[in-house]
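Welcome! Please take a moment to look over the chain below before reading on.

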Amino acid sequence: MTLFNHLRMNSKIVALVLLTNLATLTLSAGAFVVLEYRQAETDLANELRAVAQTIANSSTAALSFRDHRTAQENLDSLRGDARVVGAAVYDREGSIAATFRHGVEVDRPRELQTGDTYGEDTLFVVEEIVLDGEVLGHIVVQANMDQLRERLWRYAVIAGLVLVVSLGVGAVLSRKLAAILIRPITLLTEAARQVTEQASYEVCLPKAGNDEVGELTECFNGMLVTIRDRDRQLNDHREHLEDKVRQRTGDLEIARAKAEESARLKSEFLANMSHEIRTPLNGMMGMTALALETSLPPETRDYLETANTSAESLLALINDILDFSKIDAGKLVMEWIPCPLPELMERLVKTFALAARTKGLELRCNLDPGLPPAVIVDPTRLQQVLSNLINNALKFTASGSVSLTVEQRGIDAGQARIRFSVTDTGIGIREEHQARIFDSFTQADGSTTRKFGGTGLGLSIASNLVALMGGSLQLESEPGSGSTFHFELPLRLAEAPPLSPLSALGAAIGVEQTRRLRVLVAEDNLVKQRLASRLLEKMGHEPVIAENGQQALDALWHPACPGFDLILMDSQMPEVDGFEAACRIRAKERETGGHLPIIGLTAHALKGDRERCLEAGMDDYLPKPVDPRLLAEKLAAVALRTKHLTPA
C-alpha cells in the first residue's frame, strides 16, 4: 500500500484495472477449469457405466453356464477403447471369470459394489450382472485418468492465454481510459502549481464534463476568479492607501516643519525674553549694589536694600517662569559635570544661614561621612532643587529647625545612590493636598487670604528637575508636625573636578589687584554698559565700550588702538552677536598669531549657551546677573597671565 500511495494517478488507475481483471479472470478461469474437469469426470464415468452395462448384459448367459470363454470374448470387445486399461468379470463367489489388461495389472476394487470409485490415477466402474433379478456377478472396468488430465491442462493453458491477452487488452484500454480521466486532473495540478510558483491567477481551465472532476474544475476556476477580484480590490485599496499615506506623510511633514519652526521660534522667544527681562533687572540690581557700596543716609540705604531684595525676588520669579517654560518645551537639558558634593552642600546651607537666624530657626547640614568626595551631577540644578526645598521649609516653619541631610545608600559599579532630604518642623501639609502639591501653579493654600506667597511653580520645577536627574521627589508630612521632602539620585563617581583655567588661576591669587587691565566691553544695553564700566573702574581697570560685535571688531583692529587685555563679550547683540565676533577674532589670530582672552556674558537661559561660548573660541563665560566677586576672580587671572599691561 505504501508503494501504491506513491504512484501517479494514471499508474494507479492502470494498476487497479489490471488487478481487477487479473482477479476476475483468474477466478473465472479457475472455475471454468474445475467445472470442465468435473464434467469430464462425470462424462467418463457415464460412458464407462454404459459400456459396463452392455458387457454385463452380454455376460449373463456366460456366468449362468460358467462359460468363461464367452465371458472373455465379451471383455475383449473393450480392447479397442484407449480409455480402458483393464476389465474383469467376477462370478457370484467373487472369483475372476474373465479379465484383460493393457500392459498393467488390473486392480481389484476394495469392495465389489455398484458405482464409481476414483483412485490416484484410475477410475473404477462396477456394475452388477443380473438375470431375472438374480445377481450372477460383477463387471469391473478400470479407466486411466491421463487423458482427462491432459484435457485439463489444455483447458488451463487456454485459460492462461485468455488471461494474458485479457490483461494486455485491459492495460491498453486502461491507459487510454486513465489518460482521459487524468487529463483534467493533470490540468488542475499544473494550474495549481503555476498559481503556487508564479502567483499567476489568470489561468482558466476548460470544462472537463459534468462529473465530479468537471465540478472540481469549475470550482477551481471560480476560486481563481475570486482571488483575481480580491487582488484587484487589494491593489486598488493599496494604491488608494499609498496615496493616502503619501498625503498623510506630506501633512505630517508640513506639521513637523511647522512644529519645528514653532519650537525654534519659541526657543528664540525664550532666549530673547530672558535677555530682555534680565537686562533691565541686571542693571537695576547692579546699580543698586553699587549705590549700596557708597556712603548713604540710613533711610536711603534702607530704601535701596528693600529695592535690591525685591529685585532678587523678582529675578527668582523670572527664573522659575523661564525654567518652567524650558521644561514645558522640552528644552531644559542637564549639564553633567564633576562636582565636590560635600563642599557644594555646605556652601548651599551657608547661603540660608542669615535667613534662618533672622527667624530664630536652627539650620542644620547633616552629611554622611561616607559621601564620595566628587560625583557627576548638574550642580546648578541640584542647588536649585535643594534651595527651593530649604527656602520653602524656612518660609513655612515658625519655630524649631530645618535640616538638610545627605546620605549614601550604596555604591555599585562606580555609581553611588545618594539620598537628599529636607526636613522642617513647620506647619505640615494635609493629606488631601499632598497628592497635588507637585502640580504646576498649585499651592497647599490657594485662597486669596493665604499667609504665604509664591507662584506654585517651585515644587513643580523641582519635581521635574529631580526626574531629569533620575530620581523622584517624595513627600512625607503630617499637619502640625512638619514635612520631609526627599529624593534619591544615582550619581556616577568622579575625581575632584578641575576649575576652568581662568577660574582656577583667579581662585589661586584670591584682588588682590596686581595689574590694571584695558577691557573691551561689547554690550548693547546702556544700563549694562554703565554697570560694567562702573564695576571695572571700581576694580581698578579701564573699560572701553562697544555697542555691538561689529564695533568691538572695529575697535580691536583699528590701527590706532593701543590694544586690549580682555574682552567681555555679550552673546546677544545687533548686527554681529558675540558668538560671531569671537569666531572672527579667533580666525584672525590664526593668521596673525597671539591670543586675546574673551569672557562671554550669557543669560544662561537655554541649552547650549555655555557650549556655544566655548565652541566660538571664548576662554570662559559668566552667567547673568554678573557676580562681582566671580568677575573679579576672572579679571585677576587675566591680569596675572597678561605680559604686556598698561601701567596702573
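This report walks through the nonpolar cores, a covered helix, some charged pairs, a few backbone angles and the surface.

## A predicted model

Keep in mind as you read that this is a predicted model.

## The cores inside

Where should you look to begin with? A good place is the largest nonpolar core, which has 42 residues. The residues with the most contacts inside this core are Leu 341, Met 345, Leu 382, Leu 386, Leu 404, Phe 420 and Phe 487. Several elements each supply at least two residues of the core, among them α8 (341-350), β8 (375-377), β9, β10, α12 and β12 (482-492). Helix α10 (379-395) is also on that list, and the largest share, seven residues, comes from α10.

To get a feel for this region, find Phe 487 and see what surrounds it. Leaving aside residues up to four places away in sequence, Phe 487 touches Leu 382, Val 385, Leu 386 and Leu 389. Its partners also include Ile 418, Arg 419, Phe 420, Val 466, Ser 472 and Leu 473. There is also a second, separate core of 28 residues, which includes Leu 78, Val 84, Ala 87 and Leu 136.

## A helix under cover

Helix α12 spans residues 458-468, and how many of its 11 residues are buried? The count is eight, so this helix is mostly covered, taking buried to mean under 20% relative accessible area. The buried residues are Gly 458, Leu 459, Ser 460, Ile 461, Ala 462, Ser 463, Leu 465 and Val 466. You have already met one of them: Val 466 is among the residues that Phe 487 touches. Just after α12 comes Gly 470, with a positive phi of about 100°.

## Charged pairs

Side chains of opposite charge can pair when their charged atoms come close. In this model the count comes to 13 salt bridges. One of them joins Arg 69 and Glu 73, with the closest N and O atoms 2.9 Å apart. Both residues sit in helix α4 (residues 68-76), four residues apart, about one turn of the helix. Arg 69 is exposed, with a relative accessible area of 57%, while Glu 73 is partly exposed at 45%.

Another salt bridge is formed by Glu 134 with Arg 92, and here the closest N and O atoms are 2.7 Å apart. This pair links distant parts of the chain, 42 residues apart: Glu 134 is in strand β5 (residues 134-144), and Arg 92 is in the loop between β1 (84-91) and β2 (96-101). Glu 134 is partly exposed at 38% relative accessible area, and Arg 92 is partly exposed at 47%.

Which residue forms a salt bridge with Glu 407? The partner is Arg 419, and the closest N and O atoms are 3.9 Å apart. The pair links strand β9, which holds Glu 407, to strand β10, which holds Arg 419, with their positions 12 residues apart in the count along the chain. Glu 407 is partly exposed, with a relative accessible area of 31%. Elsewhere, Arg 586, Glu 589 and Asp 619 are linked in a network of salt bridges.

## Unusual backbone angles

Most residues other than glycine have a negative phi, and most peptide bonds are trans. Ala 413 is not a glycine, yet its phi is positive, at about 55°. You can find Ala 413 in the loop between β9 (401-412) and β10 (415-424). With 81% relative accessibility, Ala 413 counts as exposed because the cut-off for exposed is over 50%.

Glu 575 also has a positive phi, near 65°, in a residue other than glycine. Its place is in the loop between β15 (566-570) and α16 (578-592). Is Glu 575 buried or exposed? At 69% relative accessibility, Glu 575 counts as exposed.

## On the surface, and the cysteines

Val 165, Val 169 and Leu 173 form a nonpolar patch on the surface, with about 280 Å² of accessible area together. Leu 173 lies in helix α5 (residues 146-198) and, at 53% relative accessibility, counts as exposed.

To finish, consider the cysteines. A disulfide is a covalent bond between the sulfur atoms of two cysteines. In this model the count comes to zero disulfides. Cys 339 is buried, at 4% relative accessibility, whereas Cys 365 is partly exposed, with a relative accessible area of 29%.

Key:
Residues are numbered from 1 along each chain as its sequence is written. This is a predicted model: local features need pLDDT of at least 70, side-chain atom pairs count only at pLDDT 80 or more; totals for chains, interfaces and linings use all residues. Side-chain values use heavy atoms; hydrogens and water are left out. A disulfide is a pair of cysteine sulfur atoms within 2.5 Å. Buried means under 20% relative accessible area, exposed over 50%, partly exposed in between (1.4 Å probe, protein chains only). Patches are made of residues with over 30% relative accessible area and no salt bridge: like charges are joined within 9 Å, nonpolar side chains (Val, Leu, Ile, Met, Phe, Trp, Tyr) within 5 Å. Accessible areas come from the Shrake-Rupley method with a 1.4 Å probe; for residues, only the protein chains shown count as cover. A salt bridge is a side-chain nitrogen of Lys or Arg within 4 Å of a carboxyl oxygen of Asp or Glu. A nonpolar core is a set of buried Ala, Val, Leu, Ile, Met, Phe, Trp, Tyr and Cys residues joined through side-chain atoms within 4.5 Å. Contact means heavy atoms within 4.5 Å.
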